[in-house]
There are 2 protein chains.
Amino acid sequence: MNSRSVFEGWMREAVQRTEAALEAWVPGDAPALLGQAIAYSVLDGGKRLRPLLVLAAADAVRGHGQAALRAAVAVELIHAYSLVHDDMPCMDNDVLRRGKPTVHVRFGEATAMLAGDAMQALAFEVLTPAESELPAALQARLCGLLARAAGSAGMAGGQAIDLASIGKPLTEPRLREMHRRKTGALLQASVLMGAATGNTTRAGWTALADYGAAVGLAFQIVDDILDVTQGSDKLGKTAGKDVDQDKPTYVTVLGIDRARAEAQALRREAHDALGRSGLDSCAWLATLADLVVDRDS
Amino acid sequence: MNSRSVFEGWMREAVQRTEAALEAWVPGDAPALLGQAIAYSVLDGGKRLRPLLVLAAADAVRGHGQAALRAAVAVELIHAYSLVHDDMPCMDNDVLRRGKPTVHVRFGEATAMLAGDAMQALAFEVLTPAESELPAALQARLCGLLARAAGSAGMAGGQAIDLASIGKPLTEPRLREMHRRKTGALLQASVLMGAATGNTTRAGWTALADYGAAVGLAFQIVDDILDVTQGSDKLGKTAGKDVDQDKPTYVTVLGIDRARAEAQALRREAHDALGRSGLDSCAWLATLADLVVDRDS
């Protein structure tokens, strides 16, 4: 068995574990259409990249398995809620996501908004079970990392910059700053939440933060490239929408060749960071960085 | 000085402390219009009932002062975010709140949605400072109580039932169930988060939970009564809107006389619960129950 197929076995198992936990912890009994809308948005599809980063980082630090699984589910809930809200008419007004009608198209805008709101709360519920299931100190640590990545210094702040940037030219540093918050913060938090479930040195923590930042930015650059090079069928979402909405992207700011070169440079940065981490089982993290850069959807 | 003026002195000081903390912890540097929208919605006005319940309960259990203040700010942020989202066109479509244009009228719908999202995250940021400021076990406890009160078993779930009930007759038990979640859960959580900052017996905890449930329901019944008996000027929000939107309320389901009698019965329930709590400094909580029932706006 070559190392890629070993990785694929791990990945399949990690995705299955995440999805089983999502099934178990998403409240099917949530009132009115809320439970259905939440299940619709989070139980069916998605690459599960953030959970994979959590579980790979936890593996690298030999972390607390149950804590890592809860962290994986929590970051995925935050990611999924952000997509639900982002697709709404007052934001991106998108009708297609993972090849299906978006949540507000299927369930109405009010239910979509409430579902997103409830999913954010659910992420913190998942991180705060009985003390016997997860040490309180770790619960607090994970809640703190997730809240900061989701809030105005992270994802929500990045979306606000994105919104304010429509139709405006952005410099590359400003574009980078927007994406560092909008997508990068949660991807980096995924790595750090995984790392928090075990022991790391200070240098190891910093290296994993650098890895997370590089992968987070690479992810966005590749997203921008795929938005212009792939069709909607392949992406499962509306392709070309950044251009249609006159949003600045890495492709519009750097051009496609420099954007591709930048993604490769970030892959090397991610690998270098793992080399500095002092951790010896970083294979999953290394392959995930490759996957982020090499993906075609 | 009579006991009411002593209470008023405590209340004034508690509100000032909460507002100073909100000023300090709300991120003025949040990007684009996000910081302004958050500040607009949370820094100017409101009765601060939930923070008062937190601080009064903390006082009753001689709780951790800094923890109680953080809990007070966190519940107020959750409450304020719910108002921002609730006022949006896809929900109640309201233009007036605390005598001012609502957030989406002032800043646009997309910014209103993101501001609400960021405020929910901020609530959990406020609850997870450095370990030196707040013991980790207490951080985890407070995050858990707040998340459950805000999510689909609490506030968001209640809003979903509310949404699904427009134009439909509701029985009194179903109406009670809706409000137990929609407004009751966060009011009860305010009391319990305050209680969690100190020591209580199991019986004391249960009694405070009963007190919180009674006050929560009384608050909603009085809200429904005021919606038909007061004008928009007095309320600082659009009066009569439940009737306009054909929503079931305690007044439509019970009639105004039985609704008033029910509010008085709940006041007695709240006082009785404090009597069972075994705590000797419940004066602020007792007066807050009176205030909730006797208020005229």
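Chain A has 15 helices and two strands. The model is predicted. Chains A and B are related by a two-fold axis, since a turn of 180° with a shift of 0.0 Å along the axis lays chain B on chain A. Across the interface, 41 residues of chain B touch 42 residues of chain A.

**Fold of chain A**

- Chain A holds 297 residues, and its radius of gyration is 18 Å.
- A compact globule with 297 residues would come out near 19 Å, so the value for chain A agrees with that expectation.
- Along the principal axes, the C-alpha atoms of chain A fill a box of roughly 50 × 45 × 40 Å.
- Of the 297 residues in chain A, 55% are buried.
- Contacts in chain A with a separation of 6 or more are mostly long in sequence terms: 73% of them join residues 24 or more positions apart.

**Symmetry of the pair**

- Superposing chain B on chain A gives an RMSD of 0.0 Å.
- The operation is a turn of 180° plus a shift of 0.0 Å along the axis.
- That is how a two-fold axis relates two copies.
- A140(B) is the residue of chain B that comes closest to the rotation axis, with its C-alpha at 2.4 Å.
- Both copies use the same surface, as 100% of the contact residues of chain B recur in chain A.

**Interface between chains A and B**

- The contact set comprises 41 residues of chain B and 42 residues of chain A.
- Three helices of chain B each supply at least two residues to the side that touches chain A: α6 (109-126), α7 (136-150) and α8 (155-165).
- The largest share comes from α6(B), with 12 residues.
- By class, this side of chain B has 27 nonpolar, 10 polar and four charged residues.

**The C-terminal segment of chain B**

- Where does D296(B) sit? D296(B) lies in the segment after α15 (283-294) of chain B.
- Is D296(B) buried or exposed? D296(B) has 10 other C-beta atoms within 10 Å. A residue counts as exposed at 12 or fewer, so D296(B) is exposed.
- D296(B) and L186(B) are 110 residues apart along the chain, and their C-alpha atoms are separated by 21 Å.

Definitions and conventions. Residues are numbered from 1 along each chain as its sequence is written. Chains are lettered from A and ligands numbered from 1 in the order in which they are written. This is a predicted model: local features need pLDDT of at least 70, side-chain atom pairs count only at pLDDT 80 or more; totals for chains, interfaces and linings use all residues. Helices (H or I, at least four residues) and strands (E, at least two) are DSSP runs, numbered from the N terminus. The radius of gyration is taken over C-alpha atoms; the globule rule is 2.2 Å times the number of residues to the power 0.38. A residue is buried if 20 or more other C-beta atoms lie within 10 Å of its own, exposed if 12 or fewer, and partly exposed in between; C-beta atoms are placed from the backbone. Two residues are in contact if their C-beta atoms, placed from the backbone, lie within 7 Å. Copies are superposed by least squares on the C-alpha atoms of residues with pLDDT of at least 70 in both. Ala, Val, Leu, Ile, Met, Phe, Trp, Tyr, Cys and Pro count as nonpolar, Asp, Glu, Lys and Arg as charged, and the others, Gly among them, as polar.
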